[in-house]
Amino acid sequence: MGDGRDPQAQRSGATGADIVSGAFAPGDVAGKRTLTGDQDSPSGDTYIDHHAFCERNVGHDCFMNPESRTALIVDYKDLVVEAHDAYQRALLEIRMDELVKKDDDLPWFVTLMLDVVSAELLGGLTRTLKLLKAETLAALTSAASLGADAARQATTQVSTAYVALSMLSDEQLSAMTKASFDAGKKAAVSGIKSMANAGKSDAKQEKLSYIAQLSNAATMAFEQLRTKPPAQATDAQLLVLYQSFKPPAHNQELYKGLIEEKIKRYMSSGIRDIGRSSEALCADEGCSTTTAIPAMKDTVVVRVKFKSGYPEKFAFARRDFAYVSKSTLPQQRMPETEQPIDQTKFHGQPIAPEARLQMQPGFERFIEPEFVDAAIERHLEVWGKAPEAIEADDSTWVWDEQRSKKAKENKAKGPGPFGIPKLRLPSRAEPPVTIPDELRLQGQTP
Amino acid sequence: MRNKTLIVSLLMSLGAVACSHPPDASKLDVSVSSYCRGLELELHDAAMEHRKLAPAIDEKRLSEDQLERANGELGLTSIGNTPETRRARLRDFESRLGFCQRVRGMDAAQASRFEERLGALHEGLKQDVMSGAMPSAARTADLLDQMTALAHEVNGLPLQH
């Protein structure tokens with residue numbers, strides 16, 4: 001063995017990605033791992049090597065007996081495997097390559113589709129924790145009403161569980177599961193970069209490869225979810241995780257629905273509009289295609305910094321330009337298919353300041369948090385530079401008194417602290433959330 | 001249990017499509033294809049799991065306690081490492097692969113070669129009758145790779161209508 005490495009394990013071969021893409025050839029060897037014969041961790045799996053967290057530690061949140069804990073872990077792993085199968089089947093059945101008509105969209109989908117699982121998981125954990133707390137409290141109340149010794153013993157166990165559950169927070173649980181999906185996303189991003197560096201193959205193969213990357217990333221995420229918590233989670237955490245995976249959660253139909261909804265939301269998210277598009281601008285009514293002037297719509301992402309100092313947000317903005325007459329249009333028509341696009345030029349020639357319909361980006365709408373990462377990536381690809389930082393005055397946001405006050409205070413201190421252009425929010429900016437009438441301040445207009 | 005559920009749900013979906021609606025070949029094709037692709041992925045993952053743990057198992061670096069947990073993991077995510085789980089999981093993989101083969105348009109010669117290869121894989125993967133020994137984890141991973149390749153070939157054939 002020499003260096004203690006297994007020569008077979010060092011062989012490279014087919015991955016899950018290759019199989020989904022059909023790029024796998026018989027004779028390829030599954031797996032690309034390099035294993036070492038570490039004395040402390042002979043198998044490389046923490047749970048196999050060192051057993052469960054609560055077998056190695058004691059504390060208020062370790063309240064199960066070893067047999068129950070082992071059974072729980074086996075069941076938990078089984079449920080995660082089932083969830084993974086359900087997700088893979090949903091991906092295969094949904095024929096994402098057909099739903100996503102625009103090839104440019106595919107890279108974003110790989111990471112967005114992993115969000116589908118993690119979002120569902122996080123929602124499930126929150127619900128489960130709440131439910132379990134309520135159930136244990138009910139069991140505690142019921143057992144306490146009995147006087148027998150057995151009931152007293154049960155009460156003690158349930159009460160330990162209740163205390164442990166009460167001390168659990170959504171944040172702790174989400175941190176544990178988020179790490180698994182972050183690892184999957186990281187692998188997916190690196191896979192996509194490798195694909196990009198390798199150059200473009202034919203369109204169909206490229207679509208399949210993206211889906212294969214997604215499949216691979218999902219396998220990694222679910223594997224982490226299956227193997228890490230048994231070794232790292234307390235009994236209380238394991239219990240919540242286990243309950244959150246119990247049927248009917250994480251089934252194929254659910255995933256199919258979630259994926260389809262995510263695709264729909266993505267389609268209307270505005271991300272696909274990032275870039276340059278043209279529309280005919282008529283100076284007067286009834287103009288024809290020959291007399292219309294092309295107006296260009298540059299959709300960009302901007303980083304909105306608020307006067308109040310509240311957390312920044314990302315928004316879509318427009319930076320349009322048009323030519324007064326056909327004679328002022330650049331004469332030399334160069335193909336403009338290359339990316340990134342130079343924002344200062346049109347068909348290879350500088351855009352004259354007078355052609356700008358507005359000098360600063362005009363606010364369109366805030367980007368939904370679930371699509372911010374994808375929007376920034378798309379912006380970078382299309383425009384070749386990071387989104388501009390823009391200052392927004394939220395002192396007029398009367399629906400948020402504190403925020404508005406803070407913004408006014410900062411305004412009084414002097415000019416913008418950022419030294420950046422100002423974002424022209426619409427004169428009647430909609431509140432970020434709908435405020436019920438009964439909660440409105442007296443005299444406040446909707 | 002999981003795989004039985006899967007087969008039942010697939011058959012139910014086939015039944016539902018066949019009974020309650022006019023034949024919808026495309027929907028059926030998608031269901032069958034994704035089922036068989038899913039099996040291929042599962043076989044691939046099984047080989048990967050076995051290969052991951054092979055050095056520790058084959059070189060007997062695990063304590064009894066650790067081996068028990070490793071076997072539990074392989075029984076769940078792969079083809080099992082004890083005679084009982086191996087038998088059950090092997091039968092399950094074979095029956096699912098058999099289904100995927102039957103729905104494809106295969107001529108008699110192809111079908112016979114398929115049976116032959118699957119038979120050889122079965123012999124290699126199961127517990128040896130005479131010695132009672134299980135194939136090594138590394139050998140199991142290799143044979144699972146071959147089974148994945150067989151599934152891949154089968155899935156590459158057109159569906160029989």
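**Group meeting: a helix, a cavity and two disulfides**

Helix α13(A) is followed by A:G414, whose phi is positive, near 140 degrees. Hi everyone, I wanted to open on that residue and then work backwards into the helix. Before I do, please keep in mind that this is a predicted model.

So, α13 of chain A. This helix runs over residues 401–412, which is 12 residues. From the first C-alpha to the last, α13(A) reaches 16 Å, close to the 16 Å expected at 1.5 Å a residue. Which of its residues are buried? In α13(A) they are A:R403, A:S404, A:A407 and A:N410. These four cover an arc of only 125 degrees around the axis, so they sit on the same side of α13(A). The general background will be familiar: an α-helix has 3.6 residues a turn, so residues three or four places apart point the same way. Turn to the other side of α13(A) and you find A:E401, A:Q402, A:K405 and A:A412, which are exposed.

While we are in chain A, let me show you a tryptophan. A:W108 belongs to helix α6, residues 106–144. Is A:W108 buried or exposed? Its relative accessibility is 8%, and the cut-off for buried is under 20%, so A:W108 counts as buried. If you want to place A:W108 against the helix we just left, take A:E409: the two C-alpha atoms are separated by 40 Å, and the residues are 301 apart along the chain.

Next, chain B. Chain B has six helices and zero strands, so to speak a plain run of α-α-α-α-α-α when read along the sequence. Of the 161 residues in chain B, 50% are buried.

Now the cysteines. How many disulfides are there over all chains? The count comes to two. In chain A, A:C54 is joined to A:C62, with 2.0 Å from S to S. The torsion about that S-S bond is about -70 degrees, so the disulfide of A:C54 and A:C62 is left-handed. Both partners, A:C54 and A:C62, are buried.

In chain B, the disulfide joins B:C36 to B:C100, at 2.2 Å from S to S. B:C36 lies in helix α2 of chain B and B:C100 in helix α4 of chain B, so this pair ties together parts that are 64 residues apart in sequence. For B:C36 and B:C100 the S-S torsion is about -100 degrees, so this disulfide is left-handed. B:C36 and B:C100 are both buried.

Last topic: empty space. Rolling a probe the size of a water molecule over the atoms shows where empty space is left. Over the whole structure, the search finds three cavities of 30 Å³ or more. The largest cavity has a volume of about 300 Å³. Of the 24 residues that line the largest cavity, the closest to its centre are A:V81, A:H84, A:D85, B:E42 and B:D45.

Which helices supply at least two residues of that lining? From chain A they are α4 (66–94) and α9 (203–232), and from chain B they are α1 (2–20), α2 (25–58), α3 (64–77) and α4 (83–102). The largest share, eight residues, comes from α2(B). As for character, the lining of the largest cavity divides into nine nonpolar, five polar and 10 charged residues.

That is my tour, thanks for listening, and I am happy to take questions.

Conventions:
Residues numbered from 1 in each chain as written. Chains lettered and ligands numbered in written order. Predicted model: local features only at pLDDT ≥ 70, side-chain atom pairs only at ≥ 80, totals over all residues. Heavy atoms only, no water. 1 Å grid on protein atoms, 1.4 Å probe; cavity = no way out; pocket = protein on both sides within 12 Å on 5 of 7 lines; lining within 4 Å. Points joined across faces, edges and corners; volume = space filled by probe spheres on them. Nonpolar A, V, L, I, M, F, W, Y, C, P; charged D, E, K, R; others polar. Expected span 1.5 Å × (residues − 1). Buried < 20%, exposed > 50% of the residue type's maximum accessible area, 1.4 Å probe, protein only. Arc of directions from axis to C-beta. Disulfide = S-S within 2.5 Å.
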